[in-house]
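Student: I would like to take a close look at one kind of side-chain contact, the salt bridge, and to go through it slowly with you.

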Amino acid sequence: MRRRRGPRVRPREPRTRDGAALLTRNHLAFLQGLLDRPGGRCRSQKDLIQAAWPYVARYRGTEPSWWCIQKATRTLPRVWVSRRRRGNRLEFRLLARGRAIATGAAPAWIRGMGAWTPQARQAGPPTLPGAIVIGTVEHGEFEVVMILQDEAEGLARLHHALRAATTWGEFKRLAPPEHYRDALNRWMESAEEEEPAPDLPFDGSDIPGRDDGDWPAWPAQDMLAWVPDEVQARFGRSQASVLNGSWLSLSADSIDEIAAEMTRLGYRCRRDDGLIARAHGL
């Protein structure tokens, strides 16, 4: 029998035994991103994710998928951040408790990092760096796509697993662990079941978002969050899809100039059209 779901209620503040606020690294990134914004406000969920993205990259050590961070916005305790609907978007505002945590004025413990102190906050601005893969894919016309190398390799493995696996056990073996957990959580939330047995037949279409294009991550959409503003403004434009939101459109004619500019900004670029295609499931 399927259980009825009540309305989604945002969690209360989790605390340690000593009474300190207990945060994930994503939570800390959201609070710091809001702290950077004038008045501690982000005008939309996308704006909040963009504000937090550099901090997420710093604290996690890798670039996560847009969907992963989007999902994490739902877990912000209501005593840290308020949210108010403005038309078809949500506005986020940093509250006094969230500000005290972000600035180090209130004791806090970050999972996987330890105590959060004013000294830790003064460690300097996050850096974005990293090895990226650049290439072209066809989206009506050929466009440039850039993906952090680790993410590109993970997405390529995930798409292979989605095509090749015939059981959940095979999918678990073939997919990167973080992508397997993501798929599993989506499936369990929808089916209201426990983790499937290894010999249960696997069909990627059973994972919510798969057939709608909402999952796995769409690299061209993720670029809106992390590609430097000057690159977006000089070489690209934001395009809107009918069902899946906006993406960053970069003309394939400019690929050499884009790679040179990303290199100038400190990224290590490698062209690999094959890996870019596999990361899109092609």
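Is E195 buried, partly exposed or exposed, and what is its relative accessible area?

Tutor: Please keep in mind that this is a predicted model. E195 has a relative accessible area of 42%, and because that value lies between the 20% limit for buried and the 50% limit for exposed, E195 counts as partly exposed. Its salt-bridge partner is K172, and the closest N and O atoms of the two are 3.7 Å apart. K172 belongs to helix α7 (residues 168-174), whereas E195 sits in the loop between α8 (177-191) and α9 (219-226), so this salt bridge ties together parts that are 23 residues apart in sequence. K172 is partly exposed as well, with a relative accessibility of 48%.

This pair can be set beside others, since the count comes to eleven salt bridges. One of them joins R37 and D47, whose closest N and O atoms are 2.7 Å apart; here R37 lies in the loop between α1 (25-36) and β2 (41-42), while D47 lies in helix α2 (residues 45-60), ten residues apart. In this pair R37 is partly exposed at 25%, but D47 is buried, with a relative accessible area of 5%.

Another salt bridge, between R264 and E261, has an N to O distance of 2.6 Å. Both residues lie in helix α11 (residues 255-264), and because they are three residues apart there, about one helical turn separates them. R264 counts as exposed at 57% relative accessibility, whereas E261 counts as buried at 11%. Finally, E13, R15 and R97 are joined into one network by salt bridges that share partners.

Conventions:
Residues numbered from 1 in each chain as written. Predicted model: local features only at pLDDT ≥ 70, side-chain atom pairs only at ≥ 80, totals over all residues. Heavy atoms only, no water. Salt bridge = Lys/Arg side-chain N within 4 Å of Asp/Glu carboxyl O. Helix = DSSP H or I, 4+ residues; strand = E, 2+ residues; numbered from the N terminus. Buried < 20%, exposed > 50% of the residue type's maximum accessible area, 1.4 Å probe, protein only.
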